[in-house]
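Look through the structure shown here, beginning with its pockets and then turning to its interior. The paragraphs that follow go through these parts in order.

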Amino acid sequence: MHGVTRIFDLLNLAGQNYKSGEPVLVGKKDGKVFSADSSAYKKNCFKLAQALLNSGIKQGDRVATIINNRPEWNYFDMAISLIGAVQVPVYPTISEEHIRFIFNDSQISGLVVNDAKVWNRVRTMVNEMPFVKLIISIDKTEELTSLAEILKKNQASYPSEEVTGISKNIKPSDLFSINYTSGTTGRPKGVMLSHQNLISNFTALTGILKQQPAKRAVSVLPLCHIYERILNYTYQN
């Protein structure tokens with residue numbers, strides 16, 4: 001497992017498995033391809049983690065994410081876990097009724113949306129939730145702070161002693177994520193997953209993939225789907 005006992009330990013592997021400047025995560029926006037190498041990947045995660053702390057998000061808090069498949073999904077996934085908060089990934093296509101149920105059932109303290117389209121769907125319900133401390137949009141969205149603004153504001157937050165200090169004390173058995181079912185059989189049901197729950201799965205898959213190694217993989221299923229999420233970690237391991 002190369003010393004991977006918490007999900008965010010994968011950030012250290014990225015620096016070992018990829019040459020300096022070599023793309024680790026690749027995406028496309030407005031018709032243009034963009035990428036992040038191992039250094040940018042790790043720095044962005046730490047900057048976001050510090051920003052979450054500065055906004056009052058603390059260990060154990062739930063942060064919901066409604067994000068399409070894109071490199072930035074990984075930034076928030078790692079940043080949330082670095083400070084011991086709990087990610088609650090939500091399917092972008094489920095009904096407003098189910099989104100509202102998930103937000104209330106998990107008692108979210110923070111929310112990350114993909115863009116204005118997602119924000120317009122959830123704005124009314126979120127404004128009714130006084131326990132939400134922070135709302136971020138990856139793409140520029142009126143009313144909300146964007147990812148680019150946060151990264152710029154927290155340029156000096158890497159390395160962050162505060163984030164490093166918290167992450168050192170996070171245990172493999174600590175709660176990492178609450179994954180809700182899509183709601184096709186009734187109300188969504190939340191599954192509480194620890195770091196070691198997911199690590200045991202993707203380390204088992206690593207041995208299989210090494211039989212037919214691939215340098216690049218395309219993310220197809222929604223990353224909030226546990227199967228795609230496991231594969232995402234597998235390729236980073």
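Thirty-five residues, written 35, line the largest pocket, and those nearest its centre are Val24, Arg216, Ala217, Asn232 and Tyr235. Two or more lining residues come from each of strand 1, helix 3, helix 8 and helix 9. The space in this pocket amounts to about 1100 Å³. Sorted by class, its lining holds 14 nonpolar, 13 polar and 8 charged residues. The model is a predicted one.

The second largest pocket has a volume of about 230 Å³. Its lining is made of 15 residues, with Glu72, Ile138, Leu147, Ala148 and Leu151 nearest the centre. At least two lining residues are supplied by each of strand 2 (32–37), helix 3 and helix 6. In this lining, 7 residues are nonpolar, 3 are polar and 5 are charged.

Now to the interior. The largest nonpolar core contains 48 residues, and Ile7, Tyr41, Phe76 and Met78 have the most contacts inside it. Several elements each contribute at least two residues to this core: helix 1 (10–17), strand 1 (23–29), helix 2 (38–54), helix 3 (71–82), strand 6 (134–137), helix 6 (147–153), helix 8 (195–209) and helix 9 (226–236). Helix 2 gives the largest share, 8 residues. Another core lies apart from this one; it has 24 residues, including Val90, Tyr91, Met129 and Ile178.

Which residues does Ile7 contact, leaving aside its neighbours within four places in sequence? They are Met78, Phe176, His195, Leu198, Ile199, Phe202 and Tyr233. One of these contacts, His195, can be followed further.

His195 belongs to helix 8. Is this residue buried or exposed? The relative accessible area of His195 is 2%. A residue counts as buried when this value is under 20%, so His195 is buried. Residues up to four places away in sequence are not counted in its list of contacts, which consists of Thr5, Arg6, Ile7, Phe8, Ser81, Ile170, Lys171, Pro172, Asp174 and Phe176. Ile7 and Phe176 are among the residues that His195 touches, and Phe176 is also in contact with Ile7.

Definitions and conventions:
Residues numbered from 1 in each chain as written. Predicted model: local features only at pLDDT ≥ 70, side-chain atom pairs only at ≥ 80, totals over all residues. Heavy atoms only, no water. Core = buried A, V, L, I, M, F, W, Y, C linked by side-chain atoms within 4.5 Å. Buried < 20%, exposed > 50% of the residue type's maximum accessible area, 1.4 Å probe, protein only. Helix = DSSP H or I, 4+ residues; strand = E, 2+ residues; numbered from the N terminus. Contact = heavy atoms within 4.5 Å. 1 Å grid on protein atoms, 1.4 Å probe; cavity = no way out; pocket = protein on both sides within 12 Å on 5 of 7 lines; lining within 4 Å. Points joined across faces, edges and corners; volume = space filled by probe spheres on them. Nonpolar A, V, L, I, M, F, W, Y, C, P; charged D, E, K, R; others polar.
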